Amino acid sequence: MKNIPTDSLRTLVTVVEVGGFAKAGELLGLSQPAVSLQIKRLEELLGRKLFKKQGQRQILNHQGEQLLPLAKQMLKDNDAILQLFSNETITGKVRLGIPSEFAASILPAIIGDFVSLYPDVSLEVKSELSKQLMHVSNRDEFDLVLTLVEQLDNPHYPSFLQDDLVWVGNTPTKLTEPVTLVVAPQGCIYRRRAIEALEQAGVPWRIVYTNADLTGLTAAIKEQLGVTVLARKTVPEELPYTANSDVLPALGQVGISLIKRGQESLQAIDKLAEFITLRLS
């Protein structure tokens with residue numbers, strides 16, 4: 001009698017949700033070869049290929065698309081069983097603040113899994129620019145804040161994760177005119193790093209579109225209005241990106257930090273912080 005390993009199903013679902021084998025490995029704490037091996041073993045067990053190549057990316061084929069909803073349901077049942085027989089009951093309300101790009105790309109799946117495991121915890125999630133999340137006027141609005149940190153060794157806001165900043169969009173192959181930028185409003189770390197890097201490299205630039213929401217920036221990039229800067233983990237899967245352009249300057253890294261601010265429902269806050277840290281690391 002064959003049994004399908006849930007870790008292989010979780011790997012499959014994660015690959016699809018984050019848009020790639022490498023990103024899935026980072027999220028699951030596995031090397032890219034280990035992710036590929038788990039998928040290969042799952043394909044061998046089922047006797048079917050699950051992915052097909054589209055350009056430089058691997059996407060689900062027809063069999064993979066059939067398996068995906070079943071895999072998600074099996075993982076949900078697995079997690080529900082573990083929660084049912086766990087002695088750990090956590091209740092309370094947690095107000096979480098997250099940067100908008102995380103809200104759109106990474107956090108939905110993580111938050112969904114957390115809510116499934118801890119249904120008695122009420123989550124209130126608000127997305128803003130990191131600068132706004134950390135502003136003193138918002139100090140009492142959140143119990144937990146996921147934020148970007150420019151200073152990687154910041155003693156006040158230690159980062160649990162570092163990520164490369166990348167140019168997102170169709171980057172120019174030669175500079176015949178100023179680089180057109182699609183950016184968030186002033187105060188955005190990505191915007192500031194892009195402008196500083198271009199100016200230090202002596203590359204002319206101009207801003208053609210400003211929007212605080214990642215969905216709006218994504219739409220503008222798809223229309224080829226310009227390029228933007230994001231942390232590599234947060235790049236939407238439908239957008240091209242590069243960390244090593246022959247024309248555009250390197251951008252360095254950014255830290256990702258979790259700041260606890262609330263004093264109520266401490267167990268729920270600590271559990272959510274632990275959950276996010278483990279899933280993002």
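# Cavities, a pocket and a helix pair

Visitor: Which residues lie nearest the centre of the largest cavity?
Guide: The largest cavity has a lining of 15 residues. A cavity is a set of points on a 1 Å grid over the protein atoms alone where a 1.4 Å probe fits but cannot get out, and lining residues have an atom within 4 Å of a point. Nearest the centre are Ala184, Cys188, Tyr190, Leu217 and Leu230.

Visitor: Good to know! What pLDDT do local features need?
Guide: Residues are numbered from 1 along each chain as its sequence is written, and side-chain values use heavy atoms, leaving out hydrogens and water. This is a predicted model, where totals for chains, interfaces and linings use all residues, side-chain atom pairs count only at pLDDT 80 or more, and local features need pLDDT of at least 70.

Visitor: Which element gives the largest share of the lining of the largest cavity?
Guide: Elements are DSSP runs numbered from the N terminus: helices (H or I, at least four residues) and strands (E, at least two). At least two lining residues come from each of α5 (100-105), α8 (189-201), α9 (214-222) and β9 (228-231). The largest share, three residues, comes from β9.

Visitor: How much space lies in the second largest cavity?
Guide: The whole structure holds two cavities of 30 Å³ or more. A volume is the space filled by probe spheres set on the grid points, which are joined across faces, edges and corners. The largest cavity has about 100 Å³, and the second largest has about 70 Å³.

Visitor: And the largest pocket: which residues are closest to its centre?
Guide: A pocket is an open set of points with protein on both sides within 12 Å along at least five of seven lines. The largest pocket has a volume of about 400 Å³. Of its 18 lining residues, the closest to the centre are Gly19, Gly20, Gln56, Arg57 and Tyr241.

Visitor: Which element gives the most to the lining of that largest pocket?
Guide: Two or more lining residues come from each of α2 (21-28), α3 (32-46) and β2 (57-60). The most, three residues, come from α2.

Visitor: How does α1 lie relative to α2?
Guide: Axes are lines fitted to C-alpha atoms, for helices over the stretch in contact, with angles from 0 to 180 degrees between N-to-C directions. The axes of α1 (residues 6-18) and α2 come within 8 Å and cross at roughly 120 degrees. Angles under 35 degrees count as roughly parallel, over 145 as roughly antiparallel, 65 to 115 as roughly perpendicular and the rest as oblique. Therefore α1 is, relative to α2, oblique.
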